[in-house]
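Okay, thanks for making time, everyone. I'd like to walk you through one model today, so let me put it up on the screen.

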Amino acid sequence: MSHEFDDEDRPITFKRSSMSKSNELHSKRRKSTSHCHDGQSYKKTSDVLSSNGQCSSSQNGKVVPSAKATSVKCSVGISTASTSNLKTYTRFSSANSNSTNHLKEDKCENSEDEEDKIPLSVRMKMNNDNAKQATPNVSTLSVKRPLDKLDSLHSSGKKAKLSDLASSINAKQISAKSEPHAEEEEDDDDIPLSLVMNNLATSVNNKSFSLKKFTKVNKGAAPFVKEKEKLKKSEHFKSTKLLQSSGDGQKKWTTFVHNGIIFPPPYNPHGVKILYKGKPVTLTPEQEEVATWFADMWDTEYMQNEIFKNNFWNDWQKLLGKNHVIQNVKDCDFTPIYDWCQNEKDKKKQMSSAEKKALREEKMKQEEKYKWAIVDGVKEKVGNFRVEPPGLFRGRGKHPKTGHVKKRIGPNDVIINIGKDAPIPECPIPGASWKEIRHDNTCSWLAKWRDPTKAKSSKYVFLAASSSWNGQSDKEKYEKARMLKSYIGNIRAAYTKGFTSIDITKQQIAVATYFIDKLALRAGNEKDDEEADTVGCCTLKVENVMAEGHNKLKFDFLGKDSIKYENTVEVELPVYNAILKFQKDKCPGDALFDKLDTSILNAHLKELMPNLTAKVFRTFNASFTLDDKLNKETKDGDVAEKVVVYQHANKQVAIICNHQRSVSKSHSSQISKLSGKIDELQAVLKELKIDLDRARKGKPPLKCSGVKNQSNLNPEAIEKKIAQTSAKIEKMQRDMHTKEDLKTVALGTSKINYLDPRISVAWCKRNEVPIEKIFSKTLLEKFAWAMDVDPDFRF
DNA sequence: GGAAATACTTAGCAATATGTAG
DNA sequence: CTACATATTGCTAAGTATTTCC
């Protein structure tokens with residue numbers, strides 16, 4: 001995917017105004033990493049393409065006799081079905097959001113917008129006045145107290161609003177309504193998503209109930225509400241107020257209650273034998289379990305990955321023991337186990353829907369109590385409450401550890417974080433106990449354990465994306481990115497000046513910042529050699545950037561998830577020259593920016609704007625682009641056409657951020673199917689045209705293809721049919737085109753992580769597009785905090 | 001001051017749910 | 001209703017950035 005970067009694509013036109021040299025760049029030292037030796041470490045570029053770490057499972061492996069058996073060997077669940085004590089919590093404090101709040105909110109948003117027109121220095125003053133400990137001066141100041149972060153990010157209006165509301169937060173109260181089943185059955189099928197969501201996840205206040213009826217009644221008649229007024233009030237845009245962050249330092253909560261986490265069921269041996277040199281071999285359950293993981297991956301790409309296979313074999317051999325009959329994977333035939341796996345899957349598929357449903361409900365019942373936590377009296381959804389099951393580590397790209405056994409996690413690996421007064425979750429494995437119980441209210445995790453594949457890192461259990469904590473920090477993230485908008489001019493001027501600095505560190509900072517701004521590159525932290533060899537901006541190697549003449553730089557490297565970044569860009573002459581200089585006297589494998597790392601870069605960015613870090617540029621670039629494209633490209637038209645505009649804007653963002661996906665294995669067949677249908681229709685169209693001609697001359701249709709031809713005899717009817725058919729053809733052609741167009745572009749990632757939802761919500765309101773056309777149920781939940789944004793909101 | 005530890009955010013793909021054509 | 005296609009959700013790996021430790 002190579003895309004030119006012309007200036008039209010810039011969020012803000014580059015202006016080259018020379019600016020005062022307000023910023024002295026940090027000149028920190030870096031551990032010298034330049035190692036101009038081993039020529040063998042020069043690899044890449046050619047062998048890189050295939051290593052995308054994709055695992056497409058080709059379906060047509062071995063043929064499996066489909067068994068009739070309906071009984072499913074299913075998980076031996078851990079049934080500690082004690083009543084959830086979460087349910088018993090109820091919050092009585094009344095807190096009703098009423099329309100007044102809405103008005104206030106709108107007003108505030110306006111004032112916020114106004115703010116953008118106010119000169120920077122004045123704004124900063126305003127913010128500072130507001131901050132608890134006002135810092136006397138302006139833009140080059142880095143904020144020392146993280147506590148002030150929120151305050152400094154929010155406009156005065158906003159802040160006032162937040163404190164006003166603080167006492168009457170209606171965010172998410174607990175109510176009896178939170179039982180999903182109760183109501184779902186009769187009602188929810190034909191209720192808009194957002195309502196269902198409200199019933200399920202967040203509890204609902206009185207207002208929503210009345211509105212709910214309103215919406216329901218209206219629904220059948222007019223799916224798209226006509227007047228803006230109605231639209232604004234529509235339940236779909238119902239927002240959840242965020243709690244004000246306590247302002248109390250690091251403290252995140254006062255009370256914190258949850259039920260711990262779920263462990264996967266113990267391994268249930270199947271006894272199917274592997275063939276070694278053609279002879280069946282009996283395995284112990286432990287050996288069999290690992291062999292089964294491997295066998296089940298038989299028809300995936302991992303089987304072409306030598307690292308994967310080697311790592312698997314090494315770990316498996318340890319389990320087998322030195323003197324085991326099995327001395328070699330090559331002589332192992334996993335087919336019997338593979339067949340068994342396929343058979344199990346088939347059995348599952350063959351189950352009647354009633355059985356499936358019963359099974360699902362059983363699971364739901366067991367998991368229900370783990371799904372919720374109560375934070376300061378507010379019920380919140382938990383995210384990943386299921387402990388990751390053991391398996392073979394599926395590291396992406398050329399991960400040196402891919403294929404290793406990822407061991408089973410038990411309670412004694414797990415540290416629980418919970419409120420002091422909350423009951424400690426019952427340990428779900430009899431006889432075991434938690435590794436540690438902690439009451440750390442400076443962090444938001446419920447549980448964590450050592451990552452079994454990476455000694456240095458941990459796995460965490462957090463609240464779900466819909467939680468207020470996450471909503472709050474999401475909002476802060478976007479506010480910070482919006483703040484960058486007013487600093488970006490200065491920042492660009494500063495780094496432009498830095499391009500020619502005689503201080504190499506400063507020069508490298510300038511060029512790196514330019515790349516991050518212009519190309520939306522990631523920061524690029526240092527990685528150790530236990531990980532796949534990927535890079536970001538600060539870790540670019542000399543061979544990743546090629547000067548191609550005419551000021552053109554060709555970028556070619558593997559970024560996060562070993563996704564290839566390939567892009568040729570025309571840069572400014574000083575940048576081009578600087579790159580040539582940085583590459584001089586270096587070997588492939590050496591760091592392009594040898595005087596830089598992310599902490600040096602971020603320390604520098606913080607001098608330019610409070611709390612600025614490299615990743616903010618990506619958020620800024622993405623959100624700005626969406627806002628810009630939407631506002632430039634939206635025209636009158638029906639909802640479908642507007643949604644297309646949105647998707648187009650979304651696509652541009654995805655391209656900027658290099659969000660890729662692998663082409664689905666059925667893509668080409670789907671395309672040819674579509675084009676076949678189009679051909680068919682075109683043949684029909686041709687025939688119709690002839691028939692029309694003949695009908696006008698009073699002749700009978702050429703081909704008596706149908707019985708119902710009588711009605712098609714008159715020219716009007718044929719004309720109508722022609723119109724219908726060609727419309728159908730056009731639609732299919734459009735569909736085919738977009739399908740082809742988007743086959744390698746992932747739109748979801750930016751929508752979830754980079755695009756300020758308020759842009760989308762405001763655009764929907766302005767254009768009378770139902771928000772559900774843009775956000776799925778989970779995204780509506782995640783973005784609840786953004787739903788009441790003013791329609792005039794601009795990023 | 002630098003490495004390591006920590007906590008949280010971002011990422012693609014697999015599994016599952018839902019929609020739709022036949 | 002079934003089968004297939006598409007959309008959504010779940011899963012967990014892989015990043016960023018800050019804090020802590022030595």
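Let me start with a small one: in which loop is Glu-526 found? Looking at the model, which is a predicted one, you'll see Glu-526 in the loop that runs between helix 14 (504-519) and strand 13 (545-547). And is Glu-526 buried or exposed? Somewhere in between: Glu-526 counts as partly exposed because its relative accessibility is 40%, and the window for that class lies between 20% and 50%. While we're there, Gly-536 sits 10 residues away from Glu-526 along the chain, and their C-alpha atoms are 8.9 Å apart.

Okay, on to the DNA. Strand C has 31 residues around it, and the closest are Lys-459, Gly-524, Lys-527, Ser-776 and Thr-778. What do they see of the strand? Of the DNA strand C atoms that come within 4 Å of the protein, 87% belong to sugar and phosphate.

As for which side chains go to the phosphates, I've picked out three polar contacts to phosphate oxygens of DNA strand C. Thr-778, which we just met among the closest residues, has a polar side-chain atom 2.3 Å from one. For Thr-613 that distance is 2.9 Å, and for Lys-606 it's 3.0 Å.

In terms of secondary structure, helix 16 (598-608), helix 17 (614-633), helix 19 (667-696) and helix 23 (777-782) each give at least two residues to the surface near DNA strand C. And the make-up of that surface by class is 16 charged, 11 polar and 4 nonpolar residues.

That's my bit, happy to rotate the view.

Technical notes: Residues numbered from 1 in each chain as written. Chains lettered and ligands numbered in written order. Predicted model: local features only at pLDDT ≥ 70, side-chain atom pairs only at ≥ 80, totals over all residues. Heavy atoms only, no water. Near = heavy atom within 4 Å. Polar contact = N/O pair within 3.5 Å; in protein donor to acceptor, adjacent residues only side chain to side chain. Helix = DSSP H or I, 4+ residues; strand = E, 2+ residues; numbered from the N terminus. Nonpolar A, V, L, I, M, F, W, Y, C, P; charged D, E, K, R; others polar. Buried < 20%, exposed > 50% of the residue type's maximum accessible area, 1.4 Å probe, protein only.
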